[in-house]
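Subject: Structure handover

Hi,

As promised, here is the structure for you to load into your viewer. My notes on what turned up in it follow below.

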Amino acid sequence: MGRPGPSPGPLVVSVVGKVARPGLVTVPDGSRVADALRAAGGSLPDADLSQLNLARKLSDGEQVAVGVPQPQAVPGQPPGKVNLNTATETELETLPGVGPSMAQRILQWRTKNGRFQSVDQLREVDGIGATRFDHLKDLVQT
């Protein structure tokens, strides 16, 4: 019955870890993880890609971590804490009071400033005041 409507615009994806040019990349709608990896200049020689599904389709606003070890439970810390340095937008949205726009601001802070060195740096994210920080500080880790 004719052509489908106009396709959505390009996707903006955060590529972090062991890539030539970490940061935000823009890829066409329908792109896969391999396309984002190419847009970030490719993986570094020592990057382990075995944990990355290169064929997975991307969604706008997500983060692709290349060659970064998956977070492991840290002794002495309750399981289930969200790691501010490796969490995807979807994982951040599991936190109370964190919706899509707040999750994006956290990812943008991380892209601009690098890794969170401490949970206290979450206060530097626009929109996280003292009350919201108090609700989140025990649910996240770096």
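Ala47 counts as buried, because its relative accessibility is 15% and the cut-off for buried is under 20%. Please keep in mind while reading that this is a predicted model. Ala47 sits in the loop between H1 and E3. Leaving out residues up to four places away in sequence, Ala47 touches Lys18, Val66 and Gly67. Its C-alpha atom is also separated by 8.4 Å from that of Gly17, although the two positions lie 30 residues apart along the chain count.

Ser50 belongs to that loop too, the one between helix H1 (33–39) and E3. Is Ser50 buried or exposed? With 54% relative accessibility, Ser50 counts as exposed, since the cut-off for exposed is over 50%. From C-alpha to C-alpha, Ser50 and Gly67 are 8.3 Å apart in space, and they are 17 residues apart in sequence.

Now for the overall layout. The protein has four helices and five strands, and from the N terminus on they run β-β-α-β-β-α-α-α-β. Of the 142 residues, 36% are buried. The protein exposes about 8400 Å², and 52% of that comes from carbon and sulfur atoms. Looking at contacts with a separation of 6 or more, 44% are between residues 24 or more positions apart.

On to the nonpolar cores. The largest one has 19 residues, and those that touch the most other members are Leu92, Val98, Ile106, Leu122, Val125 and Ile128. H3 and helix H4 (130–136) each supply at least two residues of this core, with H3 giving the most, five residues. Apart from this core lies another, of 15 residues, including Val13, Val27, Val33 and Leu58.

Two members of the largest core deserve a few words each. Leu122 is in contact with Leu84, Ile106, Phe116, Ile128, Phe133, Leu136 and Val140, once its neighbours within four places in sequence are left aside. Val125 is in the loop between H3 and H4, and counts as buried because its relative accessibility is 3%. Not counting residues up to four places away in sequence, Val125 touches Met102, Arg105, Ile106, Trp109 and Phe116. For Met102, the C-alpha to C-alpha distance to Val125 is 8.6 Å, with the two residues 23 apart in sequence.

Finally, a pocket you may like to look at. How much space lies in the second largest pocket? The volume there is about 220 Å³. It is lined by 14 residues, and the closest to its centre are Val16, Gly17, Asn85, Arg110 and Arg115. Strand E1 (11–17), strand E3 (63–66) and helix H3 (100–113) are the elements that give two or more residues to the lining. The largest share, three residues, comes from E1. By class, the lining has five nonpolar, seven polar and two charged residues.

Some names come up in more than one of these places. Gly17, one of the residues closest to the centre of the second largest pocket, is the C-alpha partner given above for Ala47. H3 gives residues to the lining of that pocket and also supplies residues of the largest nonpolar core.

Happy browsing, and all the best!

Terms used:
Residues numbered from 1 in each chain as written. Predicted model: local features only at pLDDT ≥ 70, side-chain atom pairs only at ≥ 80, totals over all residues. Heavy atoms only, no water. 1 Å grid on protein atoms, 1.4 Å probe; cavity = no way out; pocket = protein on both sides within 12 Å on 5 of 7 lines; lining within 4 Å. Points joined across faces, edges and corners; volume = space filled by probe spheres on them. Nonpolar A, V, L, I, M, F, W, Y, C, P; charged D, E, K, R; others polar. Buried < 20%, exposed > 50% of the residue type's maximum accessible area, 1.4 Å probe, protein only. Contact = heavy atoms within 4.5 Å. Areas by Shrake-Rupley, 256 points an atom, 1.4 Å probe, with all protein chains shown as cover. Core = buried A, V, L, I, M, F, W, Y, C linked by side-chain atoms within 4.5 Å.
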